[in-house]
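Good morning, everyone, and thank you for making time for this. I would like to walk you through one model, going from the overall fold down to single residues and then back out to the domains.

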Amino acid sequence: MKFIVPALCILLLAAPALEAQSTDPVLDPRIEALVAEVDAERLLAIVEHLESFGTRHTMSTTDHPEWGIGAAREWMLEEMGSYSDRLQVSFDAYDVEPQGRIQVRTDLRNVKAILPGRSDRRIYVSGHYDSVVYGDYDSTAVPQPPTDGPWDGYAPGANDDASGTAIAMELARVFAQSGLEFDATLVFIGFAGEEQGLVGARLHAERMVDEEVEITAVFNNDMIGNSMGGTGIQDARTVRIFAPGPEDSPARQLARYIHRVGSLYMPGHEIRLIAREDRFGRGGDHTPFNQNGFAAVRFTESRENFERQHTILDTSDGVDPEYLQKNARVNVAGVASLALAPAAPRATPQMLRRGDGYDAQLNWEASEGAVGYRVVWRNTWNPDWEHSLYVGDVTQFTLEDMSIDDFVYGVAAVGPDGHESLVTPYVR
Ligand SMILES: [Zn+2]
């Protein structure tokens, strides 16, 4: 026994100051306050208001003051503009020629609110505000369109996807009213044309590539408020995040990040990572972002009800506001942590080398605002990072006697408050 005490003392004395930031992230009271500010009643009110426009079909009327996508988008613009002077609210408009499921020339408008940060790199929170109903239905049992356009029929789209749009809008309010300044610029956006083949999101992602805008992450929310599955199983304590591969794609890094941080701030809510682009045969607005090289994931409820999807039954009584609030809060935790952190380190052309033959030597480019870096690694057969080491304010580090072949390595930038960037992995 007498040897243990001195050994422990040596260990404690030898523990470098680095240790303080070497383990899991700590709770930041500012983020806790943002998480708590998300309001279930407000979320539901947004869903109900969007539902009240009767339809938000992308090709529905834009002339009527209370019915159709035109009235809906005007309301979204006005509503988000009322949250804070800090929000820059505008339409992101496209003159779309007939193509695919867009049968007529369409004035397609995404609705966006930008909260400028210290840097121009962007983090998105999105949903699609357009709706659709397929097939015939008893037209007398539902609200009747005051107009006679071919796409003006009732399409409430409460869960698909007023629920995701409500998250984007409520987070615009919460982040803008917080008074906090973020490193990243935040974009809260409702896309149109999703139901016609992800048209609004694709046009926007391509525009961002043309304008050379850097997008750090896209948190896309689509069908995110239904907790009663068509199977009769109710589940309001888990949520799915879909992220396409390969295993070290930008989307997978983002998914791992949200799992880590979201679980910290919402310990009672299980985040289920799904290693897939999307559900089979379905699509979502995260995909055009991934296709253009950005990190984008899809948040979706765990239990779907197919009876309510793309039908007149997709009404707000099928949206569980408490569940929607929890899922919005996971978004908040991930967005806030990422937005307070510095940008991810850029990989060098030879980021990983065989140090002295049998060592793993990592190097990377410094990130502005970083006070240090965290090296992470995992067994090649493991889906998530297993080990990490805070290495301080350096741009290279050697892990002695570590095979570069048997592990996957990466590095994240750490800011002064301990918030971390996404991991930049070494991928050949
Ligand atoms: Zn949808």
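What radius of gyration would a compact globule with 428 residues have, and what does the protein have? Before I answer, please keep in mind that this is a predicted model. For a compact globule with 428 residues the value would be near 22 Å, and the protein has 23 Å, which agrees. Along its principal axes, the C-alpha trace spans about 85 × 45 × 40 Å. The secondary structure comes to nine helices and 15 strands, and 49% of the 428 residues count as buried. If we take the contacts with a separation of 6 or more, 78% of them are accounted for by residues 24 or more positions apart.

Let me turn to the interior. The largest nonpolar core has 112 residues, and those with the most contacts inside it are Leu171, Ala172, Phe188 and Val297. This core draws at least three residues from each of domain 1, residues 29–340, and domain 2, residues 346–425. As general background, nonpolar side chains in soluble globular proteins tend to be buried together. To take one residue of the core in detail, Phe188 touches Met80, Lys112, Ala113, Val125, Ala168, Met169, Leu171 and Ala172, if we leave out residues up to four places away in sequence.

Now to a single helix, H2, which runs over residues 29–37 and whose buried residues are Ile31, Leu34 and Val35. Seen down the axis of H2, these buried residues fall within an arc of 100°, so they line one face of the helix. On the other side of H2, Pro29 and Ala36 are exposed. And what covers the buried residues of H2? Their cover includes helix H5, residues 158–177, helix H7, residues 250–265, and helix H9, residues 321–340.

That brings me to the two domains, whose C-alpha centres lie 33 Å apart. Their contact takes 13 residues from domain 1 and eleven residues from domain 2. On the side of domain 1 that touches domain 2, the elements that give two or more residues are strand E5, residues 215–221, together with H7 and H9. H7 gives the most to that side, with four residues. By character, the residues on this side of domain 1 divide into six nonpolar, three polar and four charged.

To close, I would point you back to H7, which is among the helices that cover the buried residues of H2 and which also gives the most to the side of domain 1 that touches domain 2.

Methods: Residues are numbered from 1 along each chain as its sequence is written. This is a predicted model: local features need pLDDT of at least 70, side-chain atom pairs count only at pLDDT 80 or more; totals for chains, interfaces and linings use all residues. A residue is buried if 20 or more other C-beta atoms lie within 10 Å of its own, exposed if 12 or fewer, and partly exposed in between; C-beta atoms are placed from the backbone. The arc is that of the directions from the helix axis to the C-beta atoms. Two residues are in contact if their C-beta atoms, placed from the backbone, lie within 7 Å. A nonpolar core is a set of buried Ala, Val, Leu, Ile, Met, Phe, Trp, Tyr and Cys residues joined through C-beta atoms within 7 Å. Domain bounds come from an automatic or database domain assignment. Ala, Val, Leu, Ile, Met, Phe, Trp, Tyr, Cys and Pro count as nonpolar, Asp, Glu, Lys and Arg as charged, and the others, Gly among them, as polar. The radius of gyration is taken over C-alpha atoms; the globule rule is 2.2 Å times the number of residues to the power 0.38.
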